[in-house]
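User: I am a first-year student and would like a close look at one part of this protein, explained step by step. Please take your time and show how that part fits in with its surroundings.

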Amino acid sequence: MEKAKRYLIFLIGLFINSMGVSLITKASLGTSPISSIPYVLSLNFPMTLGEFTVLFSVLLIAAQLLILRKNFRLEHWLQLPISAAFGFFIDLTMVMFSAVSPQSYGENMVYLLIGCVILGFGVYTEVLADVAMLPGESFVRAVSSTWKTDFGTTKVAFDVSMTVIAGVLALVFSRRLEGVREGTIIAALLVGFLARMFGKKLEFLKTILLA
């Protein structure tokens with residue numbers, strides 16, 4: 001029963017996560033680092049952000065398979081349905097937020113910050129469930145556990161790498177930094193901080209929800 005409850009909480013967190021990603025994207029100031037490559041590709045090819053997110057997730061899972069080899073366990077394959085659900089949720093919430101169309105830089109920034117808060121809460125919810133990880137975090141864990149690096153430092157390096165690659169792709173395909181802007185950096189700095197803050201302020205929820 002507790003396991004089922006944890007997976008339900010994780011699924012809710014996944015949906016909240018997708019809402020945050022979509023709202024940040026709708027703010028038109030870039031998107032979160034992990035979504036930056038799929039977003040840039042979606043701006044230049046006839047596939048949605050959610051569809052490219054699934055494809056990128058599969059690539060990260062394949063990379064984990066190469067890194068972990070015999071340590072790639074059955075539970076790691078759970079990332080496949082999780083990625084499919086996350087991609088679906090992103091496309092769904094992009095439609096839900098279709099009316100969001102900020103008309104000024106101030107409005108852009110407000111939607112960006114609201115999206116960061118939502119995404120931070122979604123990350124916190126997933127951590128609270130403690131049953132699975134999205135491929136991005138799982139890839140970072142695979143790298144840090146295999147080469148004995150600090151998880152936090154590796155996560156920062158991973159986010160920076162995703163942003164740089166997305167920027168290069170944007171320049172190659174559209175000759176400008178479309179999809180990678182100051183919002184990407186703001187999201188990178190804020191979301192982790194907000195997730196940790198929620199973890200401290202809402203610690204009592206663990207007892208209530210997982211009792």
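My question is this: does Phe-139 count as buried or exposed, and at what relative accessibility?

Analyst: This is a predicted model, and in it Phe-139 counts as buried, because its relative accessibility is 18% and the cut-off for buried is under 20%. From this residue we can work outwards, to its ring partner, then to the core that includes it, and then to other helices.

Phe-139 lies in helix α6 and Phe-158 in helix α7, so the pair they form ties together parts that are 19 residues apart in sequence. A pair of aromatic rings is described by the distance of the centres and the angle of the planes. For Phe-139 and Phe-158 the centres are 5.5 Å apart and the planes stand at 40 degrees, a tilted arrangement. Phe-158 counts as buried too, at 6% relative accessibility.

Phe-139 also belongs to a nonpolar core of 19 residues, which includes Leu-60, Ile-67 and Val-180 as well. Two of these names, Leu-60 and Ile-67, appear among the buried residues of helix α3, and that list also includes Phe-52, Phe-56, Ile-61 and Gln-64. Helix α3 covers residues 49–68, and its 20 residues reach 28 Å from the first C-alpha to the last, close to the 28 Å expected at 1.5 Å a residue. The buried residues of α3 pack against α1, α2 (33–44), α4, α6 (135–147) and α7 (151–174), and α6 and α7 are the helices that hold Phe-139 and Phe-158. Just after α3 comes Arg-69, which takes a positive phi of about 50 degrees. UniProt, in an unreviewed entry, places a transmembrane region at residues 49–68, and among its other such regions are residues 7–29, 112–135 and 156–174.

The core around Phe-139 is separate from another one, and the largest nonpolar core has 27 residues, with Phe-10, Leu-14, Ile-24, Phe-86, Leu-112 and Cys-116 making the most contacts inside it. Helices α1, α4 (79–96), α5 and α8 each supply at least two residues of this largest core, and the largest share, six residues, comes from α5.

Helix α5 therefore deserves some attention: its 25 residues, 105–129, should span 36 Å at 1.5 Å a residue, and its end C-alpha atoms are 36 Å apart, which agrees. Its buried residues include Leu-112, Gly-115, Cys-116 and Leu-119, and the buried residues of α5 pack against α1 (2–26), α8 (182–201) and α9 (204–209). Ile-24 shows this meeting in detail, for, leaving aside residues up to four places away in sequence, Ile-24 touches Leu-112, Gly-115, Cys-116 and Leu-119, and also Gly-30, Thr-31, Ser-32 and Ala-187. After α5 comes Asp-130, whose phi is positive, near 55 degrees. The UniProt region at residues 112–135 is 79% helix and 0% strand, with end C-alpha atoms 24 Å apart, while residues 7–29 are 87% helix and 0% strand, with end C-alpha atoms 33 Å apart.

Helix α1 brings us back to aromatic rings, of which the structure holds nine pairs. The rings of Phe-15 and Phe-89 have centres 5.3 Å apart and planes at 85 degrees, so this pair is edge-to-face. Phe-15 lies in α1 and Phe-89 in α4, so the pair ties together parts 74 residues apart in sequence. Phe-15 is partly exposed at a relative accessible area of 24%, whereas Phe-89 is buried at 14%. Together with Phe-88, Phe-15 and Phe-89 form one aromatic cluster.

Two further residues complete the view of α1. Thr-25 is found in this helix and counts as buried, at 4% relative accessibility. The side chain of Thr-25 makes a polar contact of 3.0 Å with the side chain of Thr-31, and, not counting residues up to four places away in sequence, Thr-25 touches Gly-30, Thr-31, Tyr-39, Leu-49 and Met-94. Tyr-7 also lies in α1, but is partly exposed, with a relative accessible area of 34%. Beyond its neighbours within four places in sequence, Tyr-7 is in contact with Leu-78 and Val-131. The C-alpha atoms of Tyr-7 and Ala-132 are separated by 8.4 Å, although the two residues are 125 residues apart along the chain.

Note on methods
Residues numbered from 1 in each chain as written. Predicted model: local features only at pLDDT ≥ 70, side-chain atom pairs only at ≥ 80, totals over all residues. Heavy atoms only, no water. UniProt positions renumbered as here; feature names shortened; annotations may be inferred. Helix = DSSP H or I, 4+ residues; strand = E, 2+ residues; numbered from the N terminus. Expected span 1.5 Å × (residues − 1). Buried < 20%, exposed > 50% of the residue type's maximum accessible area, 1.4 Å probe, protein only. Contact = heavy atoms within 4.5 Å. Core = buried A, V, L, I, M, F, W, Y, C linked by side-chain atoms within 4.5 Å. Phe/Tyr/Trp six-rings, centres within 6.5 Å; stacked < 30°, edge-to-face > 60°. Polar contact = N/O pair within 3.5 Å; in protein donor to acceptor, adjacent residues only side chain to side chain.
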